[in-house]
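Please open the model in the viewer and keep the sequence panel visible. The tour below proceeds by selection, first through packed helices and then through pockets.

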Amino acid sequence: MHLDVLAAILDLVPREVTMQYVSEPQPAVGSHRVWATEIVSMLLAPNHQAVDNLVASCKLVPKVLAISLGHPLCSALHTRALRILRSCCVSKVAGLYGPLFTAGMGAGLTVGEGGELCPSLQQQLADRAALAVGVPSGRRDRSVGFVLEACKVLRACCDEANRDSILNTNVRRLLQMDAKWSDFVSEGGVLSQLCKEQEGDLGGPRAARVQMEDSNELAELAGGGLISSHEILALLHGMGALGMSPGSGGN
């Protein structure tokens, strides 16, 4: 299937590019890696065990997720990476999803110059999301959107109560073995706080409507410039007695 070619394409890092909103050149994803990710997504979509095993053996999924976490400004890549993660979580091939939850994500991926293995996928997601707590929207790290969506995919693997979830007992078992992740997804934990903010009304919370006990209170609040409904009716009756209609203007 030439999957080794896909792996080589994902490893091919393009030159840095200059963007409008920053003065210094930024790491680029490269359209070749976006399309390679699309091919991986298409291969995993049918959940065919033979194909899943082949993809797992080439360690394509860890490469895609690492690129996605390292490039927060590429929604085209993130959309495909989330589809891939979801396919992994419903796969029957443990070799496809299991290594993701270990150090180095099963591909020997490293961080820094010391060659230390990167944390597991769930720990990377939890660490990045935790940095967004208390930070106003718009000032958070640019990767938070992708991170939260990836967290929701993993959370759905453990959600027995939600019939729309992608419950996978094997994935759930692996995640529950991680104390940091269990605390992260607990009720009232970091993930629930961030999701609650994200799922609110567009533009923030709706303004509370002040309840007035009577018209006099409303008039006082407005500086006495309002009249009650009873006073309006009395005025209309008075106008009728004088042979005036409300729209006549006195003519």
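Which residues in H1 and H2 meet? The structure shown is a predicted model, and the first stop gives the reply. Select Leu-3, Leu-6, Ile-9 and Leu-10 in H1, then add His-32, Arg-33, Ala-36, Thr-37, Ile-39, Val-40 and Leu-43 in H2, which they meet. By class, this contact of H1 with H2 comprises 8 nonpolar, 2 polar and 1 charged residues. Next, display both helices as ribbons. The axes of H1 and helix H2 (residues 31–44) cross at roughly 140° and come within 9 Å. The crossing of these two helices, H1 and H2, is left-handed.

**Second stop: H1 and H4**

Keep helix H1 (residues 3–11) on display and add helix H4 (residues 60–70); the two pack with axes 10 Å apart, at an angle of about 20°. Because angles under 35 degrees count as roughly parallel, H1 is roughly parallel to H4. The crossing of H1 and H4 is left-handed. To see the contact, select Leu-3, Leu-6, Ala-7, Leu-10 and Asp-11 in H1, which meet Leu-60, Lys-63, Val-64 and Ile-67 in H4. Colouring by class shows 7 nonpolar and 2 charged residues in this contact of H1 with H4, with no polar residue.

**Third stop: H5 and H8**

Now select helix H5 (residues 75–90) together with H8; their axes come within 10 Å and cross at roughly 15°. That angle makes H5 roughly parallel to H8. H5 passes H8 in a right-handed crossing. On the H5 side, show His-78, Ala-81, Leu-82, Leu-85, Arg-86 and Cys-89; on the H8 side, show Phe-146, Glu-149, Ala-150, Val-153 and Leu-154, which complete the contact. The residues of this contact of H5 with H8 comprise 8 nonpolar, 1 polar and 2 charged.

**Fourth stop: the largest pocket**

Retain H8 and turn to the largest pocket, which holds about 390 Å³ of space. Its lining consists of 22 residues; centre the view on Arg-155, Ala-156, Cys-158, Asp-159 and Val-185, which lie nearest the centre of the pocket. Then display helix H8 (144–156), helix H9 (169–176), helix H10 (179–184) and helix H11 (190–198), the elements that each give two or more residues to this lining. Which element gives the most to the lining of the largest pocket? It is H8, with 4 residues. When coloured by class, the lining of the largest pocket shows 8 nonpolar, 6 polar and 8 charged residues.

**Final stop: the second largest pocket**

Move to the second largest pocket, with a volume of about 220 Å³. Select Met-19, Pro-27, Val-29, His-71 and Leu-73, the closest to its centre among the 14 residues that line this second largest pocket. What classes make up the lining of the second largest pocket? The residues of this lining divide into 8 nonpolar, 5 polar and 1 charged.

Conventions
Residues are numbered from 1 along each chain as its sequence is written. This is a predicted model: local features need pLDDT of at least 70, side-chain atom pairs count only at pLDDT 80 or more; totals for chains, interfaces and linings use all residues. Side-chain values use heavy atoms; hydrogens and water are left out. On a 1 Å grid over the protein atoms alone, a cavity is a set of points where a 1.4 Å probe fits but cannot get out, and a pocket is an open set with protein on both sides within 12 Å along at least five of seven lines; lining residues have an atom within 4 Å of a point. Grid points are joined across faces, edges and corners, and a volume is the space filled by probe spheres set on the points. Ala, Val, Leu, Ile, Met, Phe, Trp, Tyr, Cys and Pro count as nonpolar, Asp, Glu, Lys and Arg as charged, and the others, Gly among them, as polar. Axes are lines fitted to C-alpha atoms, for helices over the stretch in contact, and angles run from 0 to 180 degrees between N-to-C directions. Angles under 35 degrees count as roughly parallel, over 145 as roughly antiparallel, 65 to 115 as roughly perpendicular and the rest as oblique. A crossing is left-handed if the near helix is turned anticlockwise from the far one by less than a right angle, and right-handed if clockwise. Contact means heavy atoms within 4.5 Å.
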